[in-house]
Amino acid sequence: MKPVNFDYARPSEVASAIRYLAQDGVSAKIIAGGQSLGPMLNMRLVQPDLIVDITAIEELRSVQDRSDAIVIGACVSHSDIEDRRVPDVTRGAMASVASGIAYRAVRNRGTIGGSLTHADPSADWISILAALGADVTLNGSGGSRTIAVENYMVGALEADIAQSELLVSITVPKLSASARWGYYKSCRKTGEFAHAIGAFLTDPDRGVSRAVIGATETRPFVMTDAAALIGDGRNPERVFDQDAVGRLCESLGMTDPIDRQTHVVALRRAIERAH
Ligand SMILES: Cc1cc2nc3c(=O)[nH]c(=O)nc-3n(C[C@H](O)[C@H](O)[C@H](O)COP(=O)(O)OP(=O)(O)OC[C@H]3O[C@@H](n4cnc5c(N)ncnc54)[C@H](O)[C@@H]3O)c2cc1C
């Protein structure tokens, strides 16, 4: 199938993009890398009147290095992060996860903001950025707001974004030298979407201990104080209580034992691979 006819705009500023999105009576859709939206248009799962292409907005491709965090524009691509054109403040976590997303052709075009907004539970950025404690910033006709990554995704394929809003940036805290992270994606072939994701971060100098069970049927489950589960990060594999995590998964609605076990093992492997 082919998309329905639509108008097309390619603004060069965020304010101009917001004006397009906020027009009364026009169903507008943003396109960034087009890797998820393209197929949805072709299958007519979305039928917008207007496509707003945000790839000419320089601000959305920029990166700001702050003292405690890095602010990554929404249109930075997976391969920009994989190739470390974005300074690494996560002790290699983001570059490593980026390299496992799909295939190079997808990574060249797909963007971090597009991935988060598409809100596929099996996608990689939502889980690792939730583990890293990142925030997203949205601009819209009503102003700007910043929320935690895990709250941005409200359910499968559903993000907390209004029609007139645009995701502009992702703020990722800098890890301290003592931080350790782990990520494990269970999938049959490299480059596929995950069946289960485990992610964790322990950063004792900042008092941070987070764990994520991702690729569930909905948004990832984020433990913001995972010290009991992973200890102080020095020997987390010794502390990890597989049965407790299994019970946790069950309480999250994972009734299928194989699915549950896949998620438990994903988190255990993330912890075993701690850097
Ligand atoms: C074959 C294939 C394999 C893949 N495998 C994986 C994988 O293993 N792991 C993984 O994580 N992902 C995977 N993906 C998805 C890929 O990472 C996409 O890049 C991503 O899902 C969407 O990013 P995009 O920039 O292409 O967004 P688009 O397709 O352009 O847009 C996606 C959605 O986000 C909205 N949007 C985009 N940018 C913004 C913004 N700044 N503000 C507000 N709304 C916005 C669009 O309106 C649309 O609704 C795969 C994709 C393909 C085609």
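**A tour of the ligand site**

Select the ligand and then the 30 residues around it, those with a heavy atom within 4 Å of it, among which I30, G34, L37, T111 and D124 come nearest. The model on screen is a predicted one, in which local features need pLDDT of at least 70 and side-chain atom pairs count only at pLDDT 80 or more, while totals for chains, interfaces and linings use all residues. Residues are numbered from 1 along each chain as its sequence is written, and side-chain values use heavy atoms, with hydrogens and water left out.

Next, colour this shell by class: 14 residues are nonpolar, 12 polar and 4 charged, where Ala, Val, Leu, Ile, Met, Phe, Trp, Tyr, Cys and Pro count as nonpolar, Asp, Glu, Lys and Arg as charged, and the others, Gly among them, as polar.

Now show the backbone atoms of A32, where an N or O atom lies 2.8 Å from an oxygen atom of the ligand, and then those of G34, where a polar backbone atom is likewise 2.8 Å from a ligand oxygen. At S115, a backbone N or O atom lies 3.4 Å from an oxygen atom of the ligand. The protein covers 90% of the 970 Å² of accessible area that the ligand has on its own (Shrake-Rupley method, 1.4 Å probe).

Turn to the secondary structure (DSSP runs, with helices H or I of at least four residues and strands E of at least two, numbered from the N terminus): β2 (28-31), α6 (112-118) and β10 (166-173) each supply at least two shell residues, and α6 gives the largest share, 4 residues.

Finally, zoom out to the whole protein, which has 12 helices and 14 strands and whose C-alpha trace spans about 55 × 45 × 35 Å along its principal axes.

Notes: A polar contact is a pair of N or O atoms within 3.5 Å; within protein, one must be able to donate a hydrogen and the other to accept it, and residues adjacent in sequence count only if both atoms are side-chain atoms.
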